[in-house]
Amino acid sequence: MCWPDTAAGTVAVQSCPEYISNFNTEAYAIRQCLPIGQWYSKPNNNKTWTNYTACTATKQVQRVPRLIQEHLPRIIIMSNVGYGLSLVSLVIACFIMLYFRKLRCRRNTIHVNLFLSFILRALLALTKDSMLKEGLAFAADLHITEDGKVEFVDDKSHWECKLFFTIFNYTMLTNYIWVFIEGMYLHILIYISVFAENPKTKWYIISGWVLPVLFVIPWVVLRILESDQQ
């Protein structure tokens, strides 16, 4: 922060800076100008010191829009019903393909892995709705005011929420990758296998579960570097 000229023996006051993550911009930072006309310095390092205590003392909260609070329960019910039906159908389909030996082939192996990726997504989606308080965030991430209003708390690391949604995003990517592999296998089967050997099943499986990691890792790194502000 840049500080203006201040009279000796007085205190300069400025609003807390916006560019520092989790600072309360409604509070004020303080810097003391000593009677000798110099800024106050800490004795242990002889460097000028600014008091940012007020900037971090108050929790920053963000009020949840009223429209979301009103309609979110209905959206959650619709989502849970859809994921529940999808989960039951996919489990039955996987059981049939794995139980009957005549259905065990490369094509159905790819189908089963596609179904498994959607099963994981459905399970995490249902788990998410049961873990989120008010359908919005984990309990530690929300604050309920005395008048019953819901507010987000932004002064914590929220590592549990970050880890959960990293895994959730990974499962979503596996869905897309396995849909791509389904199409790629069909393309190879029709146009390429006539002239070349079809790749082994293990390479399809490795690609379907490892490729999403290559997209999730850069996303996690960017979130860390951007301090979760975007």
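## Helix 3 against helix 4

In this predicted model, helix 3 (residues 106–131) and helix 4 make a good place to start: their axes come within 9 Å and cross at roughly 155°. Because angles over 145 degrees count as roughly antiparallel, helix 3 is classed as roughly antiparallel to helix 4. As for handedness, helix 3 passes helix 4 in a left-handed crossing.

What does the contact of helix 3 with helix 4 have, by class? There are 16 nonpolar residues in this contact, along with seven polar and five charged ones.

## Helix 5 joins the picture

Helix 5 (residues 201–225) also packs with helix 3, and here the axes come within 10 Å and cross at roughly 15°. Angles under 35 degrees count as roughly parallel, and helix 3 and helix 5 are therefore roughly parallel to each other. The crossing in which helix 3 passes helix 5 is right-handed.

Helix 4 and helix 5 pack with each other as well, at an angle of about 140° and with their axes 8 Å apart. That angle makes helix 4 oblique to helix 5. This crossing, too, has a hand: helix 4 and helix 5 cross in a right-handed way.

## Phe-168 in helix 4

If you would like one residue to follow through the structure, try Phe-168, which is placed in helix 4. Is Phe-168 buried or exposed? With a relative accessibility of 9%, Phe-168 counts as buried, since the cut-off for that class is under 20%. Along the sequence Phe-168 is 47 residues from Arg-121, yet their C-alpha atoms are 6.9 Å apart in space.

The ring of Phe-168 also has a charge over it: the charged end of Lys-128 sits there, 5.9 Å from the ring centre. Lys-128 is thus one partner to look for when you view this ring from its face.

## Aromatic pairs

A pair of aromatic rings is described by the distance of the centres and the angle of the planes. How many aromatic pairs does the structure hold? There are eight of them. One of these is formed by Phe-95 and Tyr-99, which are stacked, with 5.3 Å from centre to centre and 20° between the planes. These two residues lie four apart in helix 2 (residues 66–99), which means that about one helical turn separates them. Phe-95 and Tyr-99 are both exposed. Ring pairs also bring in Phe-100, so that Phe-95, Tyr-99 and Phe-100 are linked into a cluster.

Phe-168 returns here with Phe-165 as its ring partner: the centres are 6.3 Å apart and the planes stand at 75°, so this pair is edge-to-face. The two residues are three apart in helix 4 (residues 159–192), and again about one helical turn lies between them. Phe-165, at 25% relative accessibility, counts as partly exposed, whereas Phe-168 is buried.

## Around strand 2 and its loop

Another charge over a ring is found at Trp-39, where Arg-31 lies over the ring face, 5.0 Å from the centre. Arg-31 is also a useful reference point for Ser-41: the two are ten residues apart in sequence, and their C-alpha atoms are 9.9 Å apart in space. Ser-41 has its place in the loop between strand 2 and helix 1. With a relative accessible area of 22%, Ser-41 is partly exposed.

Where does Thr-50 lie? Thr-50 is in the loop between strand 2 (28–32) and helix 1 (53–57). Thr-50 is buried, its relative accessible area being 12%. From Thr-50 to Gln-32 there are 18 residues along the chain, while the C-alpha atoms of the two are separated by 7.7 Å.

## The whole chain

Stepping back, the protein chain has five helices and five strands. In sequence order they follow the pattern β-β-α-β-α-α-β-β-α-α. Of the 230 residues in the protein chain, 27% are buried, and Phe-168 and Thr-50 are among the buried residues.

Technical notes: Residues are numbered from 1 along each chain as its sequence is written. This is a predicted model: local features need pLDDT of at least 70, side-chain atom pairs count only at pLDDT 80 or more; totals for chains, interfaces and linings use all residues. Side-chain values use heavy atoms; hydrogens and water are left out. Rings of Phe, Tyr and Trp (its six-membered ring) pair if their centres lie within 6.5 Å; planes under 30 degrees apart count as stacked, over 60 as edge-to-face and the rest as tilted. Buried means under 20% relative accessible area, exposed over 50%, partly exposed in between (1.4 Å probe, protein chains only). A charge sits over a ring if NZ of Lys or CZ of Arg is within 6 Å of the ring centre and within 35 degrees of the ring normal. Axes are lines fitted to C-alpha atoms, for helices over the stretch in contact, and angles run from 0 to 180 degrees between N-to-C directions. Angles under 35 degrees count as roughly parallel, over 145 as roughly antiparallel, 65 to 115 as roughly perpendicular and the rest as oblique. A crossing is left-handed if the near helix is turned anticlockwise from the far one by less than a right angle, and right-handed if clockwise. Ala, Val, Leu, Ile, Met, Phe, Trp, Tyr, Cys and Pro count as nonpolar, Asp, Glu, Lys and Arg as charged, and the others, Gly among them, as polar.
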